[in-house]
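Work through the exercises below with the sequence and the model side by side. Try each task yourself before you read its solution.

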Amino acid sequence: MDLFDYMRENNSKKESPLAMRLRPKTLDDIVGQEHIIGKDSLLYRAIKADKLSSVIFYGPPGTGKTTLAKVIANTTSADFRQINATIAGKKDMEEVVKAAKDNLAMYGKKTILFIDEIHRFNKGQQDFLLPYVEDGTLVLVGATTENPYFEVNAALISRSIIFELMPLKKEDIKVILKRAVYDEVNGMGSYNAEIDEEALDFLADISNGDARSALNAIELGILTTDKSEDGKIHIDLEVAQNCIQKRAVRYDSDGDNHYDTISAFIKSMRGSDPDAVTYYLAKMLYAGEDIKFIARRIMICASEDVGMADPNALNVAVSACLAVERVGMPEARIILAEAAIYIAKAPKSNASYMAIDRALEFVKTHKQVPVPTHLQDAHYKGAAKLGHGVGYKYPHAYPGHYVEQQYLPDEYKEEKFYIEE
């Protein structure tokens with residue numbers, strides 16, 4: 001690297017977006033995703049020990065897929081190569097494979113190939129990688145926002161471990177935002193900015209688990225807000241809602257907030273009051289509430305509060321959720337109103353909700369016992385010799401497609417979880 005390359009790289013780091021500058025360099029810097037990257041997890045141990053096998057990271061935007069790949073790059077002793085499937089072609093992959101073969105033959109060194117947006121590769125491009133992943137020439141690290149079981153070749157899937165990244169929790173986003181505001185090395189600490197709790201809560205909530213979205217908003221807020229008389233840049237609720245182009249969900253001057261109003265909306269559906277439901281829905285829509293958030297709450301209410309009294313309510317709610325995503329506002333207001341009023345007017349039962357909670361509590365507090373022998377799978381090799389499935393009565397072979405038969409284990413045969421109202 002000559003002086004010009006060094007200056008170019010140095011300036012590039014300074015001018016790069018906040019989300020890129022703040023990207024964690026080590027495993028311990030990563031916020032969230034404890035289910036796959038916690039200190040006792042398989043992935044954490046594999047990266048730390050530099051023993052990573054082929055993996056595919058799957059999850060929504062802004063959840064840390066590329067971040068994990070960059071941490072792997074900083075941790076591994078292998079040669080790390082990166083390509084983006086949206087612009088890379090077969091020639092790019094051929095060059096990576098040639099370099100990987102040379103590294104392995106001459107230095108005994110592995111090559112990790114990170115492919116961002118791997119679902120964008122067509123079947124032929126994915127097939128090209130297969131033999132090199134299989135023989136160890138390449139360790140594949142793929143990232144995708146699409147379900148890999150649909151978008152990635154089954155052969156590659158079978159040779160990789162799938163790790164699903166979830167939308168970051170609100171508290172995780174708040175940690176990242178504070179780091180962005182006050183970190184003087186990689187963040188924007190040198191701007192002498194402060195963010196108040198109300199703005200922090202709003203940005204963490206409205207970003208919907210997408211750290212990149214939250215960081216882009218806070219960067220814009222700091223760069224476009226003048227300093228106050230005290231010499232500081234103050235990021236308050238008004239600045240936060242302007243920089244993300246969404247209004248904070250404060251619905252009127254008497255202090256009702258986002259959580260109070262959605263609570264009233266749900267309780268009105270549960271209480272079978274279509275007028276109140278329509279009022280609170282209008283209030284949220286007028287304030288700019290996320291229509292997908294409203295749709296999710298309607299789905300939950302359909303299952304929790306209507307349940308078996310009208311199982312079609314869940315179908316209506318799910319259809320509404322899909323429809324509002326495709327249609328958007330302003331027409332989505334009609335779809336949401338139809339679904340919410342349907343739930344409000346439907347008969348109510350929480351029997352299924354109570355049943356699963358009773359069963360979960362029972363499983364948590366009682367010992368695990370074997371499945372009754374007559375219900376065990378009789379199809380695998382040797383099952384019949386063990387008596388599995390023997391004595392099972394096939395209900396369709398009996399009048400009315402029903403036959404009296406014990407399904408719970410002997411120890412728990414008297415337990416009742418689902419109680420009809």
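The exercises go from the whole chain to single residues, and each is followed by its solution.

The model is predicted, so local features need pLDDT of at least 70 and side-chain atom pairs count only at pLDDT 80 or more, while totals for chains, interfaces and linings use all residues. Residues are numbered from 1 along each chain as its sequence is written, and side-chain values use heavy atoms, with hydrogens and water left out.

**Exercise 1. Describe the overall build of the protein.**

Start with the secondary structure, where helices (H or I, at least four residues) and strands (E, at least two) are DSSP runs numbered from the N terminus. The protein has 19 helices and 7 strands. Next, take the extent: along its principal axes the C-alpha trace spans about 85 × 70 × 40 Å. Then compare the radius of gyration, taken over C-alpha atoms, with the globule rule of 2.2 Å times the number of residues to the power 0.38. A compact globule of 421 residues would come near 22 Å, but this protein has 27 Å. Finally, 43% of the 421 residues are buried, where buried means under 20% relative accessible area, exposed over 50% and partly exposed in between, with a 1.4 Å probe and protein chains only.

**Exercise 2. Find the largest nonpolar core and the elements that supply it.**

A nonpolar core is a set of buried Ala, Val, Leu, Ile, Met, Phe, Trp, Tyr and Cys residues joined through side-chain atoms within 4.5 Å. The largest one has 32 residues, and those with the most contacts inside it are Ile195, Leu203, Leu215, Ile218, Ile222 and Ile235. Among the elements that each supply at least two residues of this core are α10 (170-182), α11 (197-206) and α12 (211-224). Now look at Ile195, counting a contact when heavy atoms lie within 4.5 Å. Leaving out residues up to four places away in sequence, Ile195 touches Val181, Tyr182, Leu200, Leu203, Ile218 and Ile235. A second, separate core of 30 residues includes Val277, Ile294, Ala302 and Ile343.

**Exercise 3. Is Asp116 buried or exposed, and what surrounds this residue?**

First, place Asp116 in strand β3 (residues 111-116). Asp116 is buried yet has no salt bridge, and the nearest side chain of opposite charge, Lys65, is 6.6 Å away. A salt bridge would need a side-chain nitrogen of Lys or Arg within 4 Å of a carboxyl oxygen of Asp or Glu, and in judging charge, Lys and Arg count as positive and Asp and Glu as negative, while His and the chain ends are not counted. Beyond its neighbours within four places in sequence, Asp116 is in contact with Thr66, Ile83, Asn84, Ala85 and Ala143. Lys65 and Thr66 are among the buried residues of helix α5 (residues 65-75), and the buried residues of this helix pack against elements including β3 and β4 (139-144).

**Exercise 4. Why is Cys321 not bonded to another cysteine?**

A disulfide is a pair of cysteine sulfur atoms within 2.5 Å, and a search of the whole structure finds 0 disulfides. The sulfur of Cys321 is unpaired because the closest cysteine sulfur, in Cys301, is 14 Å away, too far for a bond. As for accessibility, Cys301 is buried at 2%, and Cys321 is buried with a relative accessible area of 9%.
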